[in-house]
Amino acid sequence: MAFLPSYIYFILISFLVSLSVYYKQRVYFLYLRLFPPFLLITLVIELIGFYRMSSQKNNLVLYNFFTTFEFCFYLWLLSRIVEGITIKKVIKTSIIIYALLAIINILFIQKMQTFHTVTYSLGCLLIVIFCIYYFFELFKIPKSLNLINNPAFWICSGLLFFYCCGFPLYGLINSWQDISRLVVDNFNEIVTILNIFLYSLFTIAFLCIRTRKYTSS
């Protein structure tokens, strides 16, 4: 497995660390308990994608549908983290609308042999907006919080950074015509760094979990 992209090892580490939620007492939050299966699915998809790429096969269909699922999961996760009842309903409604728009876009508009930049950009925007709202809620809390031991803080920090940076990168990917190999290599390096940062923060989130409640269910 030495030939695998470096970020895949970070996904593996994050998955293994996330399994601790099943052994720690009083980890009640559903989003934390569903995170390990999500990371496992992510790991499997990345391994399949790498194998297909190594075999000179097209990964667009695979990643079009997986990124749609990924956005839906992260939006659901944010709906469990934020406190406001109204915003929870808004996020849940957004999941349904986003999933429908993404499927329509993939099947009928940009189609499966093109990366769904339109709905990917929309997904990035939604994640960023709701992560910012989560931090806005933190600022409104009258008492001080120990954010170091708050898994939701680390998860939202990773998502906010990744999708803020990923929005311009993936949003324009279909506009690159006859792009130089150097630019492609630089793009891959940046994406690798972003993935390593994201899954490192996910790992920290699970390492910092204690036995008392820190976030909304």
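Let's start with helices H2 and H7: H2 passes H7 in a left-handed crossing. Keep in mind that you are looking at a predicted model. H2 covers residues 30–54, and its axis comes within 12 Å of the axis of H7, with the two crossing at roughly 150°. Angles over 145 degrees count as roughly antiparallel, so H2 and H7 are roughly antiparallel to each other.

Now stay with H7, because two packed helices are described by the angle between their axes and the distance between the axes, and there is another pair to try this on. H7 takes in residues 181–207, and it packs with H6, residues 151–171, at an angle of about 170°. The axes of H6 and H7 are 7 Å apart. That angle makes H6 roughly antiparallel to H7. The crossing has a hand here too: H6 passes H7 in a left-handed crossing.

Next, go back to the end of H2 and follow the chain into the loop between H2 and H3, where you'll find Gln56. What is unusual about the phi of Gln56? Its phi is positive, about 60°, although Gln56 is not a glycine. Is this residue buried or exposed? Gln56 has 73% relative accessibility, and because exposed means over 50%, Gln56 counts as exposed.

A second residue of this kind sits further along. Lys111 is in the loop between H4 and H5, with H5 running over 117–140. Lys111 isn't a glycine either, yet it has a positive phi of about 70°. Its relative accessible area is 49%, so Lys111 counts as partly exposed.

While you're in this part of the chain, have a look at the surface. A nonpolar patch is formed there by Val61, Phe65, Ile96, Leu100, Ile103, Ile104, Leu107, Phe108, Ile109 and Met112. Together, these residues have about 910 Å² of accessible area. Which helices supply at least two residues each? They are H3, spanning 60–81, and H4, spanning 85–109. The largest share comes from H4, with 7 residues of the patch.

To see one member of the patch up close, pick Ile103, which lies in H4. Its relative accessibility is 37%, and since partly exposed covers the range between 20% and 50%, Ile103 counts as partly exposed.

Definitions and conventions:
Residues are numbered from 1 along each chain as its sequence is written. This is a predicted model: local features need pLDDT of at least 70, side-chain atom pairs count only at pLDDT 80 or more; totals for chains, interfaces and linings use all residues. Side-chain values use heavy atoms; hydrogens and water are left out. Patches are made of residues with over 30% relative accessible area and no salt bridge: like charges are joined within 9 Å, nonpolar side chains (Val, Leu, Ile, Met, Phe, Trp, Tyr) within 5 Å. Accessible areas come from the Shrake-Rupley method with a 1.4 Å probe; for residues, only the protein chains shown count as cover. A salt bridge is a side-chain nitrogen of Lys or Arg within 4 Å of a carboxyl oxygen of Asp or Glu. Helices (H or I, at least four residues) and strands (E, at least two) are DSSP runs, numbered from the N terminus. Buried means under 20% relative accessible area, exposed over 50%, partly exposed in between (1.4 Å probe, protein chains only). Axes are lines fitted to C-alpha atoms, for helices over the stretch in contact, and angles run from 0 to 180 degrees between N-to-C directions. Angles under 35 degrees count as roughly parallel, over 145 as roughly antiparallel, 65 to 115 as roughly perpendicular and the rest as oblique. A crossing is left-handed if the near helix is turned anticlockwise from the far one by less than a right angle, and right-handed if clockwise.
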